[in-house]
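Me: Can you walk me through a couple of helices in a protein model? I'd like to see how each answer is reached.

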Amino acid sequence: VGVFEVGAVPFNPDGWGPPDSTTATAPSTTTTLPLHVPFAPFSRSEKLGRIADFTRSFANANPSNRPSSGKPGAASSESPFDFSLDLDTFPLANPEDDSSFRLVDAKPPTRPKFGPKWRFNQHRPQLPQRRDEEVEARKREAEKERARRDRLYNLNRSNQNQQRREAAIFKSSVDIQPEWNMLDQIPFSTFSKLSFSVPEPEDLLLCGALEYYDRSFDRITPKNERRLERFKNRNFFKVTTTDDPVIRRLANEDKATVFATDTILATLMCAPRSVYSWDIVIQRVGNKLFFDKRDGSQLDLLSVHETSQEPLPEAKDDINSAYSLSVEAAYINQNFSQQVLVRDGNKVSFDEPNPFANEGDEVASVAYRYRRWKLDNDMYLIARCEVQSVVEVNNQKSFLTLNALNEFDPKYSGVDWRQKLETQRGAVLATELKNNANKLAKWTAQSILASADLMKLGYVSRVHPRDHFNHVILGVVGYKPRDFAAQINLNTANMWGIVKSIVDLCMKLNEGKYVLVKDPSKPQVRIYEVPADAFENDYVEEPLPEEEQVQPPAEDTEAGEPNGTTNDVEAKETETQT
């Protein structure tokens with residue numbers, strides 16, 4: 001067994017480490033230390049540094065006779081710590097591989113293959129960092145400039161929009177005369193806090209006849225669209241409250257103290273959502289209160305893009321102006337409500353026929369429900385509500401209201417119905433709720449007032465954006481009125497709270513005629529006392545010059561112009577077509 005022998009260790013009395021000459025202290029001892037191994041001298045006060053310095057550059061680091069292997073960690077041939085080790089055993093100790101080793105912080109940044117060629121890059125190592133700072137500074141300046149341009153652009157857009165609304169939209173629906181006496185003004189902010197619960201209404205009378213709904217229209221898609229038909233021979237009636245013979249009869253029988261129509265009530269209930277100006281005539285006769293609309297009132301039309309931020313053309317004769325679109329929407333709504341019916345002659349008749357039609361006239365499918373609500377112990381409200389169709393569900397007849405949304409130009413709404421309606425119907429409806437919040441809320445309120453079981457919304461678009469006479473039906477969707485009201489955040493208690501507050505305010509007035517006007521520029525309504533003969537022969541629009549009163553050709557007539565209407569919508573449509 002071999003014995004491990006430790007070689008002689010010389011003692012150094014002068015300091016740390018081996019002595020300068022081992023032969024001086026132990027001359028008789030044979031040393032086993034490797035020869036020619038240098039040691040760095042240091043004292044106890046010095047801090048320990050590197051064992052070896054790999055950052056030094058050497059002239060003969062990578063001889064040309066042998067390429068570098070790319071393995072870091074080897075010392076230079078001039079290093080005092082260079083050992084002649086076996087390369088097979090210690091491959092990293094090859095002195096020819098030293099040039100490939102670099103510290104991380106000392107390695108120059110790599111130049112991009114495709115980028116700016118910086119001059120003096122080798123002599124000025126801080127230039128790339130300065131370049132990054134300059135680039136970031138330029139980006140920040142560009143962002144500031146872009147933000148400034150956006151602010152100016154939006155400011156100009158808002159100014160144009162404001163000017164347009166002041167000129168076209170924010171125009172009073174009725175000319176305020178100097179002899180009118182303003183009694184009160186109510187801001188819409190007070191309406192949001194109102195709440196009133198009414199019991200279930202009772203039906204006093206049902207008039208008219210209804211045709212059945214054609215379920216095949218529920219399967220219409222933009223790929224199999226249907227052309228909107230024309231119903232020239234069917235008569236549509238928009239009769240105000242005091243001209244209704246049934247309401248007059250009920251008033252003489254003292255069935256209630258407040259009388260109105262569903263259109264007028266819906267306008268009051270959804271007043272906080274309105275932007276356009278509107279007016280309602282109020283007549284106090286004895287202890288009774290009648291809510292009327294003027295002949296040719298804007299309530300007979302349907303607003304389009306009322307709550308949208310996109311400006312519409314200001315010119316009244318433009319097919320995309322607010323007035324032209326409202327007339328177009330009114331006729332689209334009428335024609336749509338008659339086209340989606342079966343029309344096989346099978347009708348559901350009620351207690352009395354249509355009270356506004358003459359014998360032998362072909363009238364549109366509509367039923368009038370005269371309903372009574374209890375507002376107080378001795379105060380009742382009667383309203384005439386409309387439903388347009390009926391459908392059988394589980395052997396029970398359900399009432400439907402039929403309304404149509406119309407698309408005139410996708411660039412105004414930002415959503416193309418032909419592309420989005422089938423795949424993103426929710427996005428289309430959300431856009432319509434943003435642009436036509438008041439109109440959809442009024443339709444929902446009318447469906448709730450009539451206790452309709454279902455409200456059908458049709459999506460009708462122009463055949464071409466510049467053709468406002470021909471339209472196609474792209475789809476029909478049905479909703480339950482109360483569910484849809486919850487979806488659009490329409491509170492029934494708040495709706496009745498608004499009506500109750502206005503009724504209480506008007507019941508305190510003296511006998512006479514008053515007008516409730518939505519302010520054209522502020523979210524508020526004003527009550528004016530007007531003469532008793534006001535609005536008797538009043539027209540909202542000035543007559544056109546004779547040279548402009550030219551009838552359009554028959555093929556350019558809007559689909560379904562009603563011939564028996566009792567309002568001025570037909571005259572307005574002729575004016576628009578001209």
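Reply: Sure, here are some questions and answers about this predicted model.

Me: Which residues of helix α3 are buried, and do they line one face or fall all around?

Reply: Helix α3 covers residues 245-252, and its buried residues are V246, I247, L250 and A251. Look down the axis of α3 and those buried residues fall within an arc of 135°, so what they line is one face of the helix.

Me: What covers the buried residues of α3?

Reply: Strands turn up here. The cover includes β2 (202-211), β4 (258-261), β6 (288-292), β8 (366-376) and β9 (379-387).

Me: Which residue caps the N-terminal end of α3?

Reply: Check the backbone nitrogen of V246: a side-chain oxygen lies 2.9 Å from it. That oxygen belongs to the capping residue, D244.

Me: What does R248 in helix α3 contact, leaving aside its neighbours within four places in sequence?

Reply: R248 is found in helix α3. Contact here means heavy atoms within 4.5 Å. With those sequence neighbours left out, R248 is in contact with T242 and D243.

Me: How are helices α4 and α11 oriented to each other?

Reply: Helix α4 (residues 262-269) and helix α11 (residues 492-507) pack with their axes 8 Å apart, at an angle of about 100°. Angles of 65 to 115 degrees count as roughly perpendicular. So α4 and α11 are roughly perpendicular.

Me: How many residues in the contact of α4 with α11 are nonpolar?

Reply: From α4 come L265, L268 and M269, which meet M495, W496, I498, V499 and I502 in α11. No polar and no charged residues take part in this contact, and the nonpolar ones number eight.

How values were computed. Residues numbered from 1 in each chain as written. Predicted model: local features only at pLDDT ≥ 70, side-chain atom pairs only at ≥ 80, totals over all residues. Heavy atoms only, no water. Buried < 20%, exposed > 50% of the residue type's maximum accessible area, 1.4 Å probe, protein only. Helix = DSSP H or I, 4+ residues; strand = E, 2+ residues; numbered from the N terminus. Arc of directions from axis to C-beta. Polar contact = N/O pair within 3.5 Å; in protein donor to acceptor, adjacent residues only side chain to side chain. Axes fitted to C-alpha atoms, helices over the stretch in contact; angles between N-to-C directions. Parallel < 35°, antiparallel > 145°, perpendicular 65-115°, else oblique. Nonpolar A, V, L, I, M, F, W, Y, C, P; charged D, E, K, R; others polar.
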